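Ready for some practice in reading a structure? Take a pencil, open the viewer and try each exercise before you look at its solution.

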There are 2 protein chains.
Amino acid sequence: MVGAEAVASSSGWKAVNRSAAPLTAPRRPIASEELSGRIGSALRLVRDNLVYQRRVVHAGDRIYQAGEQFGNLYIVNSGFYKVVTLSPDGREQVVALKFRGDWLGVDGIARGEYDSDVIALDTGEVWVVRYDALLDASLSERALLTELHQAMSREISRDRDSLMSLCTLSGDARVADFLRYWAESLGDRGMRTDCITLRMTRAEIGNYLGLTLESVSRALSRLAKAKVIGFAGNGRRDVQIPDIDALGAFVQRSISPAGMLQ
Amino acid sequence: MVGAEAVASSSGWKAVNRSAAPLTAPRRPIASEELSGRIGSALRLVRDNLVYQRRVVHAGDRIYQAGEQFGNLYIVNSGFYKVVTLSPDGREQVVALKFRGDWLGVDGIARGEYDSDVIALDTGEVWVVRYDALLDASLSERALLTELHQAMSREISRDRDSLMSLCTLSGDARVADFLRYWAESLGDRGMRTDCITLRMTRAEIGNYLGLTLESVSRALSRLAKAKVIGFAGNGRRDVQIPDIDALGAFVQRSISPAGMLQ
DNA sequence: CGTTTTGTTGACCCATCTCAAAGATGGTGG
DNA sequence: CCACCATCTTTGAGATGGGTCAACAAAACG
């Protein structure tokens, strides 16, 4: 338990496992919390094999920024994050959503600078790891390398799924599929799925799904009318999903020719 | 030059650098051809550090298939390839196009089986590498690992660009941007960009861009009418691109409010 | 509280899809 | 070499999903 609860340094940074020189030789860190059960192996592997920093963030905080020099990878311990890219001509695009166990920053590996912004959607904590240190450590612990590769591979597959949604589904179905995926992911990581809180505005969701905010709003209304989702009393940002499969069924229905009715 | 031009084994496989036991210990291969200039470092690194097989493929051949057990990565030496995913309910989606220097198969790392099909669009050659062998070799030659990571990182960034096109551009602009990207990529790898051959049907292009084949056809007609592209005499699959920047300008014009005219 | 941001809903319009017909293209076998 | 066929491409006309504009309701915020 030595040095587990480290001193908080400036601006929301907590150094874990550092004594004098932070972020140098890979010494075994000792983190104490509840990392039990079958939580993302990424977190466990990093905790057990790497020097890392814990950084607490709040809604709106930027984890990194497009153009910034690459050097760190981040593992999400808690909180929700959006990944946003900006085209040269000013188009802004939400390209991914991240939460517990996800890696952030791999887009920076290719060119040596990040090419997206990552912004916290609520309060949370990310673990900061130096890419170099990760590579070094992976020499002695191959599982670490495997984990990174799997994470990147998963991200590629996920992006392709998004592409398929965009290309093949109607607006309503995209919203339904979005909720389905979101709930499913939460479930995979041991969180509640029957009542989820959308951390984004309709505009942000629409941006992510290639729809206008009005279309998102209408889609949600229709899903509610079809009893596929429900709205909790509190605002319209909490969505009740009594049955995830019903969302999938809705998507299917909207694909097959005779869908829509009932 | 020993064993460089290896015996062709059954069904289009050429083993490079194998003598008795193929694909085992990483022995130094000796490949003789023209790998010069600033061609994809992937090819050079693999050639110099790994045991690999060369596989010649023809239009329509499948490199690997969704569901197949993962084990190999592939580096494209020549030819063009489409990556296709199939959803459980039967939707088919072209999610990427690949050519010289690109890696194939990284989508298989996450789950231990590939989750896409890769299909050759014409005659070409891919180099087959065992993922395990690559990891082993990367212990002694870190550049190999760096190359793999950069390739995956690039793929993630590219997928995000596609997402942005899908979400923010009109149909015509998506087609223009597609041609622009295609030509630019060819240029990056030292190929001609002023007259490119589309290896896909309108239907395939449309599938990739989230458009119907009719919309693609109309978009191409309009681009030709606007003199942004031209059609070579030979069929309508050869597209002349006198000026790549003109394509970019077309995209810009279709974004800004007062676009379209002239 | 007022002020600002976010969400909902309606009416209208347009880009893209759908359906349909006809022209190219390319391959195959006689 | 040509006739034939399957596939691909182009183009038109009409239908429609989702965008746009606008008004208002509901939260969030200080």
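Keep in mind that this is a predicted model.

**Exercise 1. Find the residues of the protein that come nearest to DNA strand C, and work out which part of the strand they meet.**

Step 1. Begin with the neighbours. There are 19 residues around DNA strand C, and the nearest are A:R202, A:R218, A:S221, B:G171 and B:S215.

Step 2. Now turn to the DNA side. Of the atoms of DNA strand C within 4 Å of the protein, 63% belong to sugar and phosphate.

Step 3. Look at single contacts. The side chain of B:S215 places a polar atom 2.2 Å from a phosphate oxygen of DNA strand C. B:G171 uses its backbone: one of its N or O atoms there is 2.5 Å from a phosphate oxygen of the strand. For a contact with a base, go to B:R218, where a side-chain N or O atom lies 2.9 Å from a base oxygen of DNA strand C.

Step 4. Ask which elements contribute. Two or more residues of the surface near DNA strand C come from α6 (213-225) of chain A, and likewise from α6 (213-225) of chain B. The largest share, five residues, belongs to α6(A).

Step 5. Sort the surface by class. Near DNA strand C there are eight charged, nine polar and two nonpolar residues.

**Exercise 2. Describe the surroundings of DNA strand D in the same manner, starting with its closest residues.**

Step 1. DNA strand D is surrounded by 18 residues, with A:G171, A:S215, B:R202, B:S217 and B:S221 as the closest.

Step 2. Sugar and phosphate make up 63% of the atoms of DNA strand D that lie within 4 Å of the protein.

Step 3. Follow three phosphate contacts. A polar backbone atom of B:R202 is 2.7 Å from a phosphate oxygen of DNA strand D. A:T212 has a side-chain N or O atom 3.1 Å from a phosphate oxygen of the strand. For B:R237, a polar side-chain atom is 3.3 Å from a phosphate oxygen of DNA strand D.

Step 4. Both α6 of chain A and α6 of chain B give at least two residues to the surface near DNA strand D. Here α6(B) has the largest share, with five residues.

Step 5. The class count near DNA strand D is two nonpolar, eight polar and eight charged residues.

**Exercise 3. Decide how the rings of A:Y52 and A:W127 are arranged, then go on to A:Y64 and A:Y74.**

Step 1. Know what to look for. Two aromatic rings are described by the distance of their centres and the angle of their planes.

Step 2. Over all chains, the count is 20 aromatic pairs. In one of them, A:Y52 and A:W127, the ring centres are 4.6 Å apart and the planes meet at 25°, so this pair is stacked.

Step 3. Place the pair in the chain. A:Y52 belongs to strand β3 (residues 52-57) and A:W127 to strand β10 (residues 124-130), both of chain A, so the pair ties together parts 75 residues apart in sequence.

Step 4. Check the burial. A:Y52 has 0% relative accessibility and counts as buried; A:W127 is buried too, at 0%.

Step 5. Repeat for the second pair. The centres of the A:Y64 and A:Y74 rings are 5.8 Å apart with planes at 25°, so these rings are stacked. A:Y64 is in strand β4 (residues 62-64) of chain A and A:Y74 in strand β5 (residues 72-78) of chain A, so parts 10 residues apart in sequence are tied together. A:Y64 and A:Y74 are both buried.

Step 6. Widen the view. A:Y64 and A:Y74 belong to a cluster linked by ring pairs, together with A:F70, A:Y114 and A:Y131.

**Exercise 4. Work out which strands form the open sheet of three strands in chain B, and which of them are at the edges.**

Step 1. The strand order is β10-β12-β11 (chain B), and the pairing is antiparallel.

Step 2. β10 (195-197) and β11 (230-231) of chain B each pair on one side only, and these are the edge strands.

Step 3. Three bridges connect β10(B) with strand β12 (residues 238-240) of chain B. B:I196, for example, has B:V239 in β12(B) as its bridge partner.

Key
Residues numbered from 1 in each chain as written. Chains lettered and ligands numbered in written order. Predicted model: local features only at pLDDT ≥ 70, side-chain atom pairs only at ≥ 80, totals over all residues. Heavy atoms only, no water. Near = heavy atom within 4 Å. Polar contact = N/O pair within 3.5 Å; in protein donor to acceptor, adjacent residues only side chain to side chain. Helix = DSSP H or I, 4+ residues; strand = E, 2+ residues; numbered from the N terminus. Nonpolar A, V, L, I, M, F, W, Y, C, P; charged D, E, K, R; others polar. Phe/Tyr/Trp six-rings, centres within 6.5 Å; stacked < 30°, edge-to-face > 60°. Buried < 20%, exposed > 50% of the residue type's maximum accessible area, 1.4 Å probe, protein only. Pairing = 2+ DSSP bridges.
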